[in-house]
Amino acid sequence: MKLNNINAINASCLVAAMGLGMLGTSSAADKPVKVFILSGQSNMVGIGYVNGPKPGSLDAVTKVDGKFPNLLDGSGEYLPRNDVWYEGVVTATAKKWLAPGCGNGANGMGPELGFGQVMGWHHDEPVLIIKASQGNRGIGWDILPPDSTRYDWSNGKTYPGYGE
């Protein structure tokens, strides 16, 4: 992950925490915020389908199979969780109360939906989920610790260090 992405994550943490405090109720302001950082590669981005009849889409699971009724209101619309704020950085950059559509686009969902539902239910305090995800990246070259230096691999290639 490049330095500018790390700065974006740090800035998003601050902005999201401030936004959660402003959007929350007065009782939420008296409680600490539980912060969870979800970070990963392509499986974290959130390319699960929300809309459509395809088997495995959220519509099929909730509206056809009748599972997870807590995600729907009386008219069959998806409910946002007003106690779990989602802030995505790098990709899947929604900034809103947790609901379907926080994944890779308005019709996407990822692990944040299930994780956030459980964390919102479990904690009395407001929850902040910060998700940093980027597909097609490798720990060996894109996501390096800040002290990583350039190195030569056995395949004859030279890989850049952090910030190069």
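In this predicted model, the lysine K131 is buried, with a relative accessible area of 0%, which falls under the 20% limit for that class. K131 lies in strand β6, and, leaving aside its neighbours within four places in sequence, K131 is in contact with L38, M44, V45, G46, Y86, E87, G88, V89, A92, C102, G103 and E112. To see where these surroundings belong, it helps to look at the fold around strand β6.

The protein chain has five helices and eight strands, and from the N terminus on these elements run α-α-β-α-β-α-β-β-β-α-β-β-β. Strand β6 takes part in an open sheet of four strands, whose order is β1-β6-β3-β4 and whose pairing is mixed. The edges of this sheet are formed by β1 (34–40) and β4 (95–98), each of which pairs on one side only. Neighbouring strands of the sheet are turned by 25° against each other on average, direction ignored. Strand β3, which covers residues 81–90, pairs with β4 in the antiparallel sense over four bridges, and in this pairing Y86 stands opposite K96 in β4. Helix α5 (residues 111–122) packs on the sheet, where it touches β1, β3, β4 and β6 (127–133), and the direction of the helix makes about 140° with that of β3.

Aromatic side chains add further links between these elements, and the count comes to two aromatic pairs. In one of them, the rings of F36 and F115 have their centres 5.3 Å apart and their planes at 80°; because planes over 60 degrees apart count as edge-to-face, the pair belongs to that class. Since F36 lies in strand β1 and F115 in helix α5, this pair ties together parts that are 79 residues apart in sequence. F36 is partly exposed, with a relative accessible area of 21%, and F115 is also partly exposed, with a value of 29%. The rings of W85 and W97 have their centres 5.1 Å apart and their planes at 90°, so this pair too is edge-to-face. Here W85 comes from strand β3 and W97 from strand β4, twelve residues apart, and the pair links distant parts of the chain. W85 is buried, with a relative accessible area of 11%. An aromatic ring is also involved in a contact with a charge, in that the charged end of K54 sits over the ring of Y49, 4.3 Å from its centre.

The interior can be followed through its nonpolar residues. In soluble globular proteins, nonpolar side chains tend to be buried together. In this model the largest nonpolar core has 18 residues, and those with the most contacts inside it are L58, Y78, Y86, L98 and I129. Strand β3, helix α5 and strand β6 each supply at least two residues of this core. Y86, named among these core residues, is also one of the residues in contact with K131. For L58, leaving aside its neighbours within four places in sequence, the contacts are with Y49, V50, K63, L71, Y78, P100, M109 and L113, and Y49 is the residue whose ring lies under the charged end of K54.

Over the protein chain as a whole, buried residues make up 38% of the 164 residues. Among contacts between residues at least 6 apart in sequence, 57% join residues at least 24 apart.

Methods:
Residues are numbered from 1 along each chain as its sequence is written. This is a predicted model: local features need pLDDT of at least 70, side-chain atom pairs count only at pLDDT 80 or more; totals for chains, interfaces and linings use all residues. Side-chain values use heavy atoms; hydrogens and water are left out. Two strands pair if DSSP finds at least two bridges between them. Axes are lines fitted to C-alpha atoms, for helices over the stretch in contact, and angles run from 0 to 180 degrees between N-to-C directions. Contact means heavy atoms within 4.5 Å. Rings of Phe, Tyr and Trp (its six-membered ring) pair if their centres lie within 6.5 Å; planes under 30 degrees apart count as stacked, over 60 as edge-to-face and the rest as tilted. Buried means under 20% relative accessible area, exposed over 50%, partly exposed in between (1.4 Å probe, protein chains only). A charge sits over a ring if NZ of Lys or CZ of Arg is within 6 Å of the ring centre and within 35 degrees of the ring normal. A nonpolar core is a set of buried Ala, Val, Leu, Ile, Met, Phe, Trp, Tyr and Cys residues joined through side-chain atoms within 4.5 Å.
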